[in-house]
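Student: Take one part of this model and look at it closely. Start with its charges, then work outward to whatever surrounds it.

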Amino acid sequence: MRELAGKLLRLDRRVIFVLIALATLIPLLRPIGLPVRISPEVRQVYDYIESLPAGSVFLLSLDFDPASKPELYPMAVALLNHAFKRDLRVIGMTLLVTGTGMAEKVVSGVASEHGKQRGRDYAFLGYSPGGANVIISMGQELATAFPTDHYGERTADLPVLQGVNSLRQVNYVISLAAGTPGVESWYVYGKEKYGFELGGGVTAVIAPGLYPFLDTGQINGLIGGLRGAAEYETLIGMKGKAVAGMDAQSATHFIIIGLILICNLFYFLTRHTTIRSFGSPQDRPGSPREAGR
Amino acid sequence: MTLFLRRTFPLLLTFLFGVAAALQYYIPHPLSEAALTEISVWLRIILGFAMILGIASLCHVHYAKIRTRAAGWGYSLVVYLSMLATVAVGLWSRGQEEGTGFGWIYTYALLALQGTMFSILGFFVASAAFRAFRARSKEAAVLLVAALIVMFGRVPLGEYLIPAAGPLAGWILNVLNTAARRGIIIGISLGGIATSIKIIFGIERSYLGGRD
Amino acid sequence: MTPSVLIGAWVAAGLTLFMFSFLYKDNPFFRFGEHLYVGISMGYTIVRIYYDVMVKSLYTPVAQEGKWWFLIAALLGLLILTRFIPKISWLSRISFAVIVGFGSGVAIPRIISSNILQQVQGTLKPLLGNAGQPLLGMAQFNALLILVGVITVLVYFFFSIEHKGPIKVAARIGIYFLMINFGAGFGYTVMARMSLLIGRFDDLILFASRDFGYASLVLLGLIAFGLFLWERRSSALSDPDQDRRAAGSDPHADG
Amino acid sequence: MTFSFEFRVSSFEFQVPSSKFNTRNPKPETRNRVSGRALAALLFLFLSTLYSPLKAYGDRPLPSTLASSLSPPEQFDAFDMPGDGGGSVGLSWRAAPFDGPTLRYQVYVADQAQGPFTRLVEFAANTRYKSDVDRPWWSWDRNKSVHFYQVTSTQDLRLESGRPYFFKVAVTDPRSGSGTGGMQTIEGPVRSAVPAPNFFNPAKANNLLLMLLFSALVLIAIAQAKRRPTIFLRRIPGLDAVEEAIGRATEMGQPILYLTGADDMSSLSTIAATVILGQVAKRTAAYDTELKVPHRDPIVMAICQEIVKESYLEAGRPDAYRDDSNFFITSDQFSYAAAVNGIMLRERPAANFFMGFYYAEALLLAETGAGTGAIQIAGTDADLQLPFFITTCDYTLIGEELYAASAYLSREPVLVGTLRGQDLGKAFLLLSMVIGTVLATIGGLTGTQVFVPLLQLFRDFK
């Protein structure tokens, strides 16, 4: 028994790697949909979109590039699904040139899943250079900031934008961001002046920094990280990438926790035997010689 | 005269730039802001030139391997070829990434390689945790328990099983963790300030190397 | 789907698997990926430096905006290159002096602002109830804990005082705080690292779809087969004992 | 709240000993009577010096809404905002007895004295006082009886430094307008100000003071150490291991891998790492062990070449020095990590040193190194990466110990003196935090503002 325990303590790292790979892969292929507790800040975003009557204007600014895709892309999918389900008029855009292709793909992809038509039910404006200045000029006149949409059609002619001359006619804006320009820019240059409601979706890293904005009502809701995206998917009843991702998170965390518990159990079993390297301080169990190849 | 140029002049420059850069922080005048931006551009330009040193070193190492047919010299050839190819495509694309071959290399080769190396950390946190988190001593036990609670409380399943785990993990992170981090940060700051002062006053000059 | 995207998917999936093969052991696929990565990243850096630094930050300001003083920076840059000529290589010190001096000077006030003042300020909280609050609530208890933590950790870092008596006790408590910090930091980061892994696996799953010609699956099979062949060849060529010891640094596997 | 009252409160607190929590008793008393008395004396000193800025807190006017007695804003003044980069003007005027939530102030601006004036802002008459501005007492009169509004450039108005602007303030009563058709508005005088950039931001004076204090502490400690070179230093386990690691590499005939971190030469952690490299190189020169230093920054590489060369000279082994022991890989984070991992797996260094600042690649490097069986010693001030080094390395220099390491390794009085200076700095901050917390607690319990000026010394102002 002790021998076995000692052997397990010197477990080949590659066994752990396989366990982690499986714990990630299986939930991604077959999402279990483990329960996720919905936080109020995510629910606020959901409730606000629920409260908008059909035909309201919803602007989604996808202000992120491929580096933040794992966290923010599922948010975009979930929000677009919700908006199209509610028959909102959806406007997509981005403030980051490197994110343009990805943003276009997600907007048009989700739209076609819901049978929505470009120009009539939704628009994708694409990218316009200038960062936060784009928001300012959109506030004055949408057509100045985006004379044409991403596909080269005049924005003024798009049926979906009838009656929408500037940000003042937009009901709800959500910025999905991993930094600046992002949620803060939309607040400072947009909401404060043009009076639309603003929500945010951000990576887990910058989410803590935005809670002050939430407390003061500068943004009405916040979706933070993959977890926030999973909460949103749960709210709209869609088991998407984020839910699958959270399942994988739970699984990998529990694998690690389990491994630690087991190895401590074995450690206490073998502690009093003379297995090399557990007694002397020079040869600490954490030392590499034990790692095994 | 040369001794002055070789030894004293650099130290003098260090002192002048150090003091000026420190005082800049207290000067709100636009000129001082402009100077700061200007100098950071300077540093980028200097680094740009210095990169030639780096490229030379890289090429030298791999050239030596190829010339001596050292073990694995074929891989050194891979370095040369991929570097030259990337530079050629980059110049062809005029440094633009949108819809060019250069952008293609960035998206499909560089991002994929980078993302994969980064994600290997996911495996490594697991194996490091398995090896290191053993309750060998009281300190190690504290480390272990803190890690377990935080890991448990961070994922939906953990929070679902033990609802208190989430808030407890949050408390550990926001209170106990903050306290220790503050201590570490304050200590680091003092060490950093002391190093800065030694450099500015020419007490620490090993970075200049040489004896003359 | 355009051919460039399709080829891109195959390349990305292949390189991803090459790098992951490192988890098994050092092998030719990983070595190829590693060296390719170094070459591409260096090439990318060269191009970026040429356009963003040399053209945008140096040539344009000097030639078009007349900012001649940027030439001083260029001169300092050239001085660094004197390291190629041993006789005058001491000139490079002038540039080092500027860089190191500037770095040290810039650091001091900013460190004081964000790492001392802001941290001390965050610690100075009332330990007993503020007006309107309970005398000893959770907030006060936390403030006390933070104060104790900061102080004991600082005591631990004292170098020139012998750790005995009350100092020793405080330093011990400091160590426990440090351990909690390390444990919590580790546990907290696991999630972020796993997110990256999930993102990577997501891409592989995407590339394994029919649209991409089952790229991930085909390549995974090929790499596994390649590794099998490589293992067989290397164990046939070297005696088993040596192989075990030097697995991964096998000279016979070289290209 | 007057001076005598404040002092009475604090002296009362210090003289009545009582049990811990049932009365609102501040901490010092429960600890030590003597220090309590000393504190009281100290307080007295502070209070007497702070008397003048404090008296202003008392006389805030009673709000009343007698609309009939509207009068133009008094003591209206426009001035360049102190301690800024220009482009901003401050307006202040005395709070009137009729100020209340129903009345409103309007601020107008023009670029000529005759106008035309445009309205900038309108706000309730019981808001925006000088005391609302978050500036320290030494650079701002935090007066509750003076209204204040700061004019800065907006989209519609560009305030340029160096030219005059004209301002006026009007007080208006919106209620009076509802019935009679024209609401009662009374304008004040026109004042002008020239926004100008300043050469010193007094709000940052405490920062400057701390910088001078720490500089002096370090320099004095160094001077002292030169005179009395034997200073006690506690053990740092990781440093004892440096020798052991080099010894083991020599025994095994394997190289030593030394990394200087991810940052460039202007970062202090990198500088510390290069200084330690010098000490390590002296030993490898003496033992004739191969040293490998892969780099991410060409300038750091060049400097490290100088340092290592110098160390070999000092150790009397210039012949053993090789220029390519410092070599460049790439400046990209993860390709560098991949290449260093490759070196670890193929060349099997017997000892790995990770000094300097690291980002996410820390675990990638250290865990691979752990797998190869090398002795690993890390030293970093990257607090986010410390957990990973702690769990994967044999020894880790935590935060400040990185900076201390060179002093330990060289034992030069100058360097050891620096440690003393750092300790003095720590002691100072430690005491400030304890005293500051006590004062904040007393302040919180009694609701007094007396200690605010003192506590502001440790606040970061921009």
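Tutor: Start with chain B, where the mean positions of the 17 positive and 8 negative charges are 13 Å apart. Lys and Arg count as positive here, Asp and Glu as negative, and His and the chain ends are not counted. Each charge is placed at NZ of Lys, CZ of Arg, CG of Asp or CD of Glu. The model is predicted: local features need pLDDT of at least 70 and side-chain atom pairs pLDDT 80 or more, while totals for chains, interfaces and linings use all residues. Residues are numbered from 1 along each chain as its sequence is written, chains are lettered from A and ligands numbered from 1 in written order, and side-chain values use heavy atoms, without hydrogens or water.

Now the fold of chain B. Its secondary structure is 7 helices and 0 strands. Along the sequence the pattern reads α-α-α-α-α-α-α. Helices are DSSP runs of H or I with at least four residues, strands are runs of E with at least two, and both are numbered from the N terminus.

Next, its dimensions. The C-alpha atoms of chain B fill a box of roughly 70 × 50 × 40 Å along the principal axes. Its radius of gyration is 26 Å, where a compact globule of 212 residues would have one near 17 Å. That radius is taken over C-alpha atoms, and the globule rule is 2.2 Å times the number of residues to the power 0.38.

Contacts come next. In chain B, 27% of the contacts between residues at least 6 apart in sequence join residues at least 24 apart. A contact means heavy atoms within 4.5 Å.

Then the surface. Chain B has an accessible surface of about 8200 Å², and carbon and sulfur atoms hold 70% of it. Areas come from the Shrake-Rupley method with a 1.4 Å probe; for residues, only the protein chains shown count as cover. Of the 212 residues of chain B, 58% count as buried. Buried means under 20% relative accessible area, exposed means over 50%, and partly exposed lies in between (1.4 Å probe, protein chains only).

That leads to the interior. The largest nonpolar core has 261 residues, and the members that touch the most others are Phe123(B), Phe133(B), Tyr258(D), Phe353(D) and Phe354(D). Helix α4 of chain B (residues 101-132) gives the most to this core, 18 residues. A nonpolar core is a set of buried Ala, Val, Leu, Ile, Met, Phe, Trp, Tyr and Cys residues joined through side-chain atoms within 4.5 Å. In soluble globular proteins, nonpolar side chains tend to be buried together.

Which residues does Phe133(B) touch, beyond those up to four places away in sequence? Within chain B they are Ala128(B), Leu143(B), Leu144(B), Ala147(B) and Met151(B). Chain A supplies Ile260(A), Cys263(A) and Asn264(A). Phe186(C) and Thr391(D) complete the list. Apart from the largest core lies another, of 44 residues, including Leu72(A), Phe84(A), Val90(A) and Val155(B).

Turn to chain A. It has 11 helices and 6 strands. Its C-alpha box is roughly 80 × 35 × 35 Å. The radius of gyration of chain A is 24 Å, against near 19 Å for a compact globule of 293 residues. Buried residues make up 55% of chain A. Of its contacts at a separation of at least 6, 74% join residues at least 24 apart. Its 28 positive and 25 negative charges have mean positions 10 Å apart.

Finish with chain D. It has 14 helices and 14 strands. Of its 462 residues, 59% are buried. Leu70(D) sits in the loop between α3 (33-54) and β1 (74-80). Leu70(D) counts as buried because its relative accessible area is 9%. Among its contacts beyond four places in sequence are Phe98(D), Leu103(D), Val171(D) and Ile186(D). Gln184(D) is another contact, 114 residues away in sequence and 8.5 Å away in space, C-alpha to C-alpha.

Two backbone angles deserve a check. Most residues other than glycine have a negative phi. Gln75(D), not a glycine, has a positive phi of about 50 degrees. Gln75(D) lies in strand β1 and is exposed, at 58% relative accessible area. Asp288(D), also not a glycine, has a positive phi of about 60 degrees. Asp288(D) lies in the loop between α7 (268-287) and β10 (291-295).
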